[in-house]
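Here are my notes for you on this structure. Keep the 3D view open while you read, and click along as we go.

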Amino acid sequence: MKVVRIITVVGIVCCALAISASASVIIVFEEDFETYTNGENIIGQNGWYGWEDPATPVIASPVGLSPNMSARFDPSGPLWQNLSNDVVVDSSMGPQAVLTYKSYYPANTSGLLWTAFGDWKVQLSQKTGIHGLPPGTFYLGDDSGTGVPGSGLFIPDTWGEIGIVIDWASDTAVWTYNGIVFSTRTDFVEESYATLDFLTTPASWGDGLTGPAYIDDITIKIVPEPSTLALFGLAGLALAH
């Protein structure tokens, strides 16, 4: 469900995204998948679509956080499996865009699940035991297909929060996992707008999913006037309307 809300930050309860007390955070998108029934195809609803033709259905699943439902990605076939939304944020809305979402990746699942936020310029893959990476590691990639392994913070068989912050003013992208920064890239944001995509690669590429993976509780925020960016916990803000 897409919404636009303005929230005033009145305090910080963790060593996280430090923002001045007078700043306003604009929530431009959020989705918890609770409006769907188990097994329902969510493509074509609430702005969600798949751009592969034919698109592989993504269905709601009862392995969720909020409190019951989530989106499930199944093993990929000959085509991309992708879930996108028409939400667009750009630099005219504020100097920073913040994406957070929860991810559940079973230990017996290998393969990658891309998260693209920033017109394919900011991407995060979760890989387990492929391409020489230890099980449960992150892989950070850009649109050229190159990247570096993350710090190994990824924990399978549990829900974890992933955060991606785009700072257009400083041309910087920051990734967090469960509130801990595991990568900061500069000279990385090449576009002035960001779109949202989740996808898996075709099985023929050799790194498609071998089992299910889940996402939940997606939020996109615009921070109009940040004072400090100390990203160690995007979810620990004390917010009040």
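**Notes on the fold and its core**

1. Let's begin with the whole chain. Of its 241 residues, 51% count as buried. Keep in mind that this is a predicted model. The protein chain exposes about 9600 Å², and carbon and sulfur atoms supply 55% of that area.

2. What is the chain built from, helices or strands? There are 17 strands and zero helices. Now look at contacts between residues with a separation of 6 or more: 68% of them join residues that sit 24 or more positions apart.

3. Next, find strand S15, which covers residues 193-200. Seven of its eight residues are buried, so the strand is mostly covered; "buried" here means under 20% relative accessible area.

4. Which strands pair with S15? One is S6 (residues 81-90), which runs antiparallel to S15 and is joined to it by seven bridges. To spot this pairing on screen, look for Asn85, whose bridge partner in S15 is Leu196. Another is S8 (residues 113-117), also antiparallel to S15, with four bridges. Here, try Thr115, which has Phe198 as its bridge partner in S15.

5. Now for the inside. In soluble globular proteins, nonpolar side chains tend to be buried together. In this model, the largest nonpolar core has 38 residues, and those with the most contacts inside it are Phe117, Leu196, Ile215 and Ile218. Strand S16 (residues 213-223) gives the largest share of this core, with five residues.

6. Leu196 deserves another look, as it turned up both as the partner of Asn85 and in the core. What does Leu196 touch, leaving aside neighbours within four places in sequence? Its contacts include Phe29, Trp48, Leu83, Val87 and Leu99. Also among them are Phe117 and Ile218, two residues we just met in the core.

7. Last stop: Phe33, found in the loop between strand S2 (24-31) and strand S3 (48-49). Is Phe33 buried or exposed? Phe33 counts as buried because its relative accessibility is 0%, and the cut-off for buried is under 20%.

8. So what surrounds Phe33? Not counting residues up to four places away in sequence, Phe33 touches Ile42, Trp48, Met69, Ser70, Ala71, Ile215, Asp216 and Ile218. Take Ile215 from that list: Phe33 and Ile215 are 182 residues apart in sequence, but 9.5 Å apart in space, C-alpha to C-alpha. Try finding both on the sequence, then in the 3D view.

Key
Residues are numbered from 1 along each chain as its sequence is written. This is a predicted model: local features need pLDDT of at least 70, side-chain atom pairs count only at pLDDT 80 or more; totals for chains, interfaces and linings use all residues. Side-chain values use heavy atoms; hydrogens and water are left out. Buried means under 20% relative accessible area, exposed over 50%, partly exposed in between (1.4 Å probe, protein chains only). Helices (H or I, at least four residues) and strands (E, at least two) are DSSP runs, numbered from the N terminus. Two strands pair if DSSP finds at least two bridges between them. Contact means heavy atoms within 4.5 Å. Accessible areas come from the Shrake-Rupley method with a 1.4 Å probe; for residues, only the protein chains shown count as cover. A nonpolar core is a set of buried Ala, Val, Leu, Ile, Met, Phe, Trp, Tyr and Cys residues joined through side-chain atoms within 4.5 Å.
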